[in-house]
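Thanks for coming. I have one structure to go through today, and I will keep to what can be read from the coordinates.

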Amino acid sequence: YVNILNDIAKTDAKIQGKTVDELVQTLDAGRPFNMAAQIWNHTFYWNSMSPNGGGEPKGAIAKAIDASFGSFAKFKEEFTAAAGGHFGSGWAWLVLVDGKLKVVQTHDAGSPLSKQAATGGLQGKPLLTCDVWEHAYYIDFKNARPEYIKAWWNVINWDFANQNLEKYSKL
């Protein structure tokens with residue numbers, strides 16, 4: 001994704017000098033957007049996990065989950081259903097929208113930060129994501145997406161989610 005986006009930038013003045021964040025938020029759908037969004041989404045996905053992660057959330061994110069979903073168990077059920085039930089390739093996200101947490105899905109390179117997400121009612125400030133593209137789990141889990149999602153809960157980086165919640169709550 002990075003090499004392709006850099007090659008595109010050599011001949012496309014409208015993306016030259018912009019950050020990946022700026023590109024994801026401003027580009028229309030198409031190849032440059034797809035490359036920028038996949039860079040951003042994958043970076044965010046890797047940060048959403050930690051070898052010391054998993055378990056139940058603590059701190060502000062735990063309180064926000066309880067306030068928005070009623071309990072961690074209900075949130076986990078909703079997020080798991082979104083990730084496991086997503087048709088095809090995409091992402092399940094925990095986002096902040098108007099002070100409340102919400103679970104959303106995006107297809108392919110979709111991002112809750114993009115213009116496309118805004119028109120589809122999926123826009124929000126991302127706190128966590130789970131990659132449900134088959135390449136995220138095929139080597140370890142073959143086509144058993146539910147087993148991958150179950151394992152993903154053991155590596156969730158709640159510190160990262162708390163940092164994102166704090167950052168976006170100040171805006």
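**Turns, sheet and packing**

Let me start with Asp98, which counts as exposed because its relative accessibility is 78%. Before going further, please keep in mind that this is a predicted model. Asp98 is found in the loop between strands S1 and S2. Asp98 is not a glycine, yet it has a positive phi of about 50°. As general background, most residues other than glycine have a negative phi. The turn itself belongs to a hairpin formed by S1 and S2, with two residues between the strands.

There is another residue of this kind to point out. Asp108 also has a positive phi of about 50°, although it is not a glycine. Its place is in the loop between S2 and helix H6, residues 115-119. With a relative accessible area of 44%, Asp108 is partly exposed.

Now the sheet. In what order do the three strands of the open sheet lie? The order is S2-S1-S3, and the pairing is antiparallel. Strand S2, residues 100-107, and strand S3, residues 125-131, stand at the edges; each has a single partner strand, so one side of each is left without a neighbour in the sheet. On average, neighbouring strands of this sheet are turned by 25° against each other, direction ignored.

Helix H9, residues 158-169, packs on the sheet and touches S1, S2 and S3. The direction of H9 makes about 150° with that of S3.

Let me go through the pairings strand by strand. S1 covers residues 90-97, and eight bridges join it to S2, the two running antiparallel. Going along S1, Gly90 stands opposite His107 in S2. Trp91 stands opposite Thr106 in S2. Further on, Val95 stands opposite Lys102 in S2.

On the other pairing, S1 and S3 are joined over six bridges, again in the antiparallel sense. Trp91 appears here too, opposite Asp131 in S3. Ala92 has Cys130 in S3 as its bridge partner.

How many residues of S1 are buried? Seven of its eight residues are, and the strand is mostly covered. What about S3, which stands at an edge of the sheet? Six of the seven residues of S3 are buried, so S3 is largely enclosed by the rest of the structure.

Next, a residue just ahead of the sheet in sequence. His86 lies in the loop between helix H5, residues 72-85, and S1. Is His86 buried or exposed? His86 counts as buried because its relative accessibility is 4%, and the cut-off is under 20%.

What does the side chain of His86 reach at 3.2 Å? It is the backbone oxygen of Ser89. The side chain of His86 also makes a polar contact of 2.9 Å with the side chain of Gln105. Leaving aside neighbours within four places in sequence, His86 is in contact with Ala81, Trp91, Gln105, Thr106, His107, Val132 and Arg145. Two of these names came up in the pairings already: Trp91 and Thr106 stand opposite each other, in S1 and S2.

Moving back along the chain, we come to a pair of helices. The axes of helix H4, residues 60-69, and H5 come within 8 Å and cross at roughly 75°. That makes H4 roughly perpendicular to H5. Which residues meet where H4 and H5 touch? From H4 they are Ile65, Asp66 and Phe69, and from H5 they are Phe72, Lys74, Phe75 and Glu78. By class, the residues of this contact divide into four nonpolar, no polar and three charged.

Last, a position in the N-terminal helix. Lys10 sits in helix H1, residues 2-11. With a relative accessible area of 63%, Lys10 is exposed. Its C-alpha atom is separated by 19 Å from that of Gln38, which is 28 residues away along the chain.

To recap the main points: the sheet has the order S2-S1-S3, helix H9 packs on it, and His86 is buried with a 2.9 Å side-chain contact to Gln105. Asp98 and Asp108 each have a positive phi without being a glycine. That is what I had.

How values were computed
Residues are numbered from 1 along each chain as its sequence is written. This is a predicted model: local features need pLDDT of at least 70, side-chain atom pairs count only at pLDDT 80 or more; totals for chains, interfaces and linings use all residues. Side-chain values use heavy atoms; hydrogens and water are left out. Two strands pair if DSSP finds at least two bridges between them. Helices (H or I, at least four residues) and strands (E, at least two) are DSSP runs, numbered from the N terminus. Axes are lines fitted to C-alpha atoms, for helices over the stretch in contact, and angles run from 0 to 180 degrees between N-to-C directions. Contact means heavy atoms within 4.5 Å. Buried means under 20% relative accessible area, exposed over 50%, partly exposed in between (1.4 Å probe, protein chains only). A polar contact is a pair of N or O atoms within 3.5 Å; within protein, one must be able to donate a hydrogen and the other to accept it, and residues adjacent in sequence count only if both atoms are side-chain atoms. Angles under 35 degrees count as roughly parallel, over 145 as roughly antiparallel, 65 to 115 as roughly perpendicular and the rest as oblique. Ala, Val, Leu, Ile, Met, Phe, Trp, Tyr, Cys and Pro count as nonpolar, Asp, Glu, Lys and Arg as charged, and the others, Gly among them, as polar.
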